[in-house]
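Please work through the following exercises with the sequence and the model at hand. Each task is followed by a solution in steps.

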Amino acid sequence: MRVSCIAFTERGYALAERTARALSDCAQTGEDDPGWDVSVSRGFGEGKADLRAWTALAWEASDALLFVGAAGIAVRAIAPHIASKANDPAVVAIDEAGRFAVPLLSGHLGGANELAQTVARAAGAIPVITTATDVRGVWAVDTWARCAGLAVSNPEAIKRVSARLLSGGRVALYSDMPISGQPPEGVDIASDRARADIVVSPFAGANAGASVRAAETTGEVVPAGEAGKPAGVRAQAPAPEPLRLVVPCIVAGIGCRRGACAEAIEEAFLLACGQAGISPSVVREAATIDVKAHEEGLLAFCRARNIPLATYSAEELSQVEGSISPSDFVRATVGVDNVCERAALADGGKLIFPKLAHGGVTVAFSKVTIELSFKER
């Protein structure tokens with residue numbers, strides 16, 4: 001977690017440096033988050049950072065902002081930047097005496113509550129948690145989603161789920177992926193996604209990916225499309241949209257001609273996502289043949305998407321089993337009859353979207369199984 005910290009007095013700055021060292025020690029010992037990256041700035045005296053400029057930069061570059069000083073200073077500094085609970089960074093304030101650590105923004109999805117507790121342990125402070133689910137001991141679905149690595153496609157639905165649990169009601173959860181552990185109090189596992197209040201799936205919407213899911217059942221890979229509707233059926237008021245948690249379980253197999261630019265690859269990729277009915281955010285990895293490992297356009301595409309690129313030799317790809325669309329031209333060019341589908345399958349997934357060719361780029365998708373857990377980290 002990248003944390004930008006600013007202090008406004010000498011005493012506060014000393015506390016900030018001690019806290020940063022403590023978090024660094026946590027990373028070295030593997031405690032809490034193993035990826036702490038903490039920077040400390042002065043909001044006072046010599047080398048004083050302009051607070052507006054510092055906040056704007058930290059907001060874009062950091063996972064969390066830590067203010068060592070009055071909470072009011074933090075509130076006024078961040079106010080112009082607040083946009084969405086799905087994207088805003090965590091914001092925590094701790095007083096210069098190190099007595100109280102208070103999460104101010106993005107307590108669950110951004111991890112501010114957890115950060116406040118970690119900072120409090122490091123500084124010897126008391127974490128002041130005010131979110132209703134935490135103070136009532138009720139399961140927080142957005143905290144679980146963040147810890148499980150799930151993206152929230154419709155964060156406005158979080159409130160409805162939490163409100164029902166807080167009122168003593170129950171919610172139904174459907175998942176395309178196995179989930180180990182005992183479901184939290186008030187959560188029932190549903191077998192029918194149409195009746196679920198929470199849907200955990202790589203597919204983007206209620207009907208998106210329907211024919212891809214059907215293909216998984218029948219074993220036949222077919223393009224996604226809109227299901228037909230029976231005639232003469234009176235429309236009913238739609239049920240509230242379930243909370244949709246997106247599982248990053250898709251591998252994108254990509255082939256491209258030499259010198260293909262990142263824009264061409266992105267265009268083909270987005271076209272494939274639309275036809276497959278998946279959100280681009282569910283793609284966990286791109287995969288291709290090793291002779292494309294240094295294609296600048298492909299590397300730039302992966303950097304922009306923040307996904308790793310896996311490469312396989314022609315021999316490794318030729319040994320991949322599954323439904324493949326062979327091409328004599330591809331075999332003559334790179335030594336194997338198909339790149340995108342074989343690369344997508346090379347990690348052991350199941351092909352859910354066959355080769356799409358567009359603008360000198362080919363794309364195919366496979367789905368790998370990821371086991372989730374209800375257990376706390």
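The exercises below concern a predicted model and treat its largest pocket, then its aromatic contacts.

**Exercise 1.** Describe the largest pocket by its volume and by the residues that line it.

*Solution.* Step 1: the volume of the largest pocket is about 1300 Å³. Step 2: its lining comprises 37 residues, and those closest to the centre are Asp63, Ala86, Leu109, Arg146 and Ala151. Step 3: sorted by character, the lining residues are 19 nonpolar, nine polar and nine charged.

**Exercise 2.** Which element gives the most to the lining of the largest pocket?

*Solution.* Step 1: at least two lining residues come from each of helix H4 (112–123), helix H6 (141–148) and strand S7 (151–152). Step 2: H4 gives the most, namely three residues.

**Exercise 3.** Classify the ring pair of Phe269 and Phe365, and state what the pair ties together.

*Solution.* Step 1: the structure contains eight aromatic pairs. Step 2: the ring centres of Phe269 and Phe365 are 6.2 Å apart, which satisfies the limit of 6.5 Å for a pair. Step 3: their planes stand at 85°, over the 60 degrees required, so the pair is edge-to-face. Step 4: Phe269 belongs to helix H9 (residues 262–276) and Phe365 to strand S17 (residues 361–367), so the pair ties together parts 96 residues apart in sequence.

**Exercise 4.** Are Phe269 and Phe365 buried or exposed?

*Solution.* Step 1: buried means under 20% relative accessible area. Step 2: Phe269, at 1%, is therefore buried, and Phe365, at 0%, is also buried. Step 3: ring pairs link both residues with Phe301 and Phe353 into a cluster.

Conventions: Residues are numbered from 1 along each chain as its sequence is written. This is a predicted model: local features need pLDDT of at least 70, side-chain atom pairs count only at pLDDT 80 or more; totals for chains, interfaces and linings use all residues. Side-chain values use heavy atoms; hydrogens and water are left out. On a 1 Å grid over the protein atoms alone, a cavity is a set of points where a 1.4 Å probe fits but cannot get out, and a pocket is an open set with protein on both sides within 12 Å along at least five of seven lines; lining residues have an atom within 4 Å of a point. Grid points are joined across faces, edges and corners, and a volume is the space filled by probe spheres set on the points. Helices (H or I, at least four residues) and strands (E, at least two) are DSSP runs, numbered from the N terminus. Ala, Val, Leu, Ile, Met, Phe, Trp, Tyr, Cys and Pro count as nonpolar, Asp, Glu, Lys and Arg as charged, and the others, Gly among them, as polar. Rings of Phe, Tyr and Trp (its six-membered ring) pair if their centres lie within 6.5 Å; planes under 30 degrees apart count as stacked, over 60 as edge-to-face and the rest as tilted. Buried means under 20% relative accessible area, exposed over 50%, partly exposed in between (1.4 Å probe, protein chains only).
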